[in-house]
Amino acid sequence: MNNLKISQRPAHRIATILAVSALALGLSACGKKEEPTVGQRLDSAVEKTEQAAAEARAKAESAMENAQTKVEQGAASAESSAKDAANKGMVFLSDAEITAQISASLAKDPDLSAVKIDVDTVNGRVTLKGPSPSAAARERAVGIAKAVSGVTSVNNQLVLSAS
């Protein structure tokens with residue numbers, strides 16, 4: 001029996017080697033890719049070109065939307081700046097009008113008309129500087145200033161003058 005097994009071993013080894021070799025050849029053949037045909041290459045190139053064109057179109061549309069948004073924001077900002085500038089101009093005119101009205105009203109007061117009172121107005125805040133003939137006249141000057149439309153506060157820096 002031992003003789004029979006020994007004689008079968010080389011044949012068995014040869015059969016195993018042939019089977020493994022055939023299997024290896026079969027697996028290696030499965031891994032090979034066939035070269036694409038000209039038509040397949042052309043289809044692939046067309047598909048890639050269409051995809052690139054779609055991406056470029058999307059980017060262009062996005063850029064246009066961003067540009068439009070920025071233009072609209074710029075226009076809104078310019079409009080706001082123009083309104084602010086106009087409002088500042090109106091404040092300046094209002095301050096000048098306030099100063100003129102206060103000065104005219106002070107000139108009508110018999111005690112205050114003879115003295116030089118400097119009236120300065122900035123954003124509705126009035127500062128009165130100069131001499132005042134009496135404490136009562138000093139308080140009347142503040143009341144005259146507060147009575148003018150647009151005055152938000154009065155800084156009374158009038159000093160009593162020696163009579």
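Read along the sequence, this chain goes α-α-β-β-α-β, which adds up to three helices and three strands. Keep in mind that you're looking at a predicted model. Of the chain's 163 residues, 15% count as buried. Strand 2 is a good place to start, since it pairs with strand 1 through five bridges and with strand 3 through eight.

**Strands and how they pair**

- Strand 1 (residues 118-122) runs antiparallel to strand 2, and five bridges hold the pairing together on paper.
- Within that pair, Asp120 sits opposite Thr127 of strand 2.
- The hairpin linking strand 1 and strand 2 has two residues between the strands, and Asn123 there takes a positive phi near 50°.
- On to strand 3 (residues 153-160): strand 2 runs parallel to strand 3, with eight bridges between them.
- Gly130 faces Leu158 of strand 3 across this pairing.
- Put strand 2, helix 3 and strand 3 together and you get a right-handed β-α-β unit.

**The nonpolar core**

- The largest nonpolar core has 16 residues, and the members touching the most others are Ile102, Leu106, Leu112, Ile117, Val119, Val126 and Leu128.
- Helix 2 (38-108), strand 2 (125-132) and helix 3 (135-146) each chip in at least two residues of this core.
- Helix 3 gives the largest share, with five residues.
- As general background, nonpolar side chains in soluble globular proteins tend to be buried together.
- Which residues does Leu112 contact, leaving aside neighbours within four places in sequence? Leu112 is in contact with Leu106, Ile117, Pro133, Ala137, Ala141 and Ile144.

**A closer look at Ser132**

- Ser132 belongs to strand 2.
- Is Ser132 buried or exposed? Its relative accessible area is 0%, so Ser132 counts as buried, the cut-off being under 20%.
- Skipping residues up to four places away in sequence, Ser132 touches Ala137, Arg138, Leu158, Val159, Leu160 and Ser161.
- Ala137 turns up twice here, as a contact of Ser132 and as a contact of Leu112.
- Leu158 also comes back: Ser132 touches Leu158, and Leu158 is the strand 3 residue opposite Gly130.

**Whole-chain numbers**

- Taking contacts between residues at least 6 apart in sequence, 59% join residues at least 24 apart.
- The chain's accessible surface comes to about 12,500 Å², and carbon and sulfur atoms account for 59% of that area.

Key
Residues are numbered from 1 along each chain as its sequence is written. This is a predicted model: local features need pLDDT of at least 70, side-chain atom pairs count only at pLDDT 80 or more; totals for chains, interfaces and linings use all residues. Side-chain values use heavy atoms; hydrogens and water are left out. A nonpolar core is a set of buried Ala, Val, Leu, Ile, Met, Phe, Trp, Tyr and Cys residues joined through side-chain atoms within 4.5 Å. Buried means under 20% relative accessible area, exposed over 50%, partly exposed in between (1.4 Å probe, protein chains only). Helices (H or I, at least four residues) and strands (E, at least two) are DSSP runs, numbered from the N terminus. Contact means heavy atoms within 4.5 Å. Two strands pair if DSSP finds at least two bridges between them. A crossover is right-handed if, with the strands pointing away from the viewer, the path from the first strand over the helix to the second runs clockwise. Accessible areas come from the Shrake-Rupley method with a 1.4 Å probe; for residues, only the protein chains shown count as cover.
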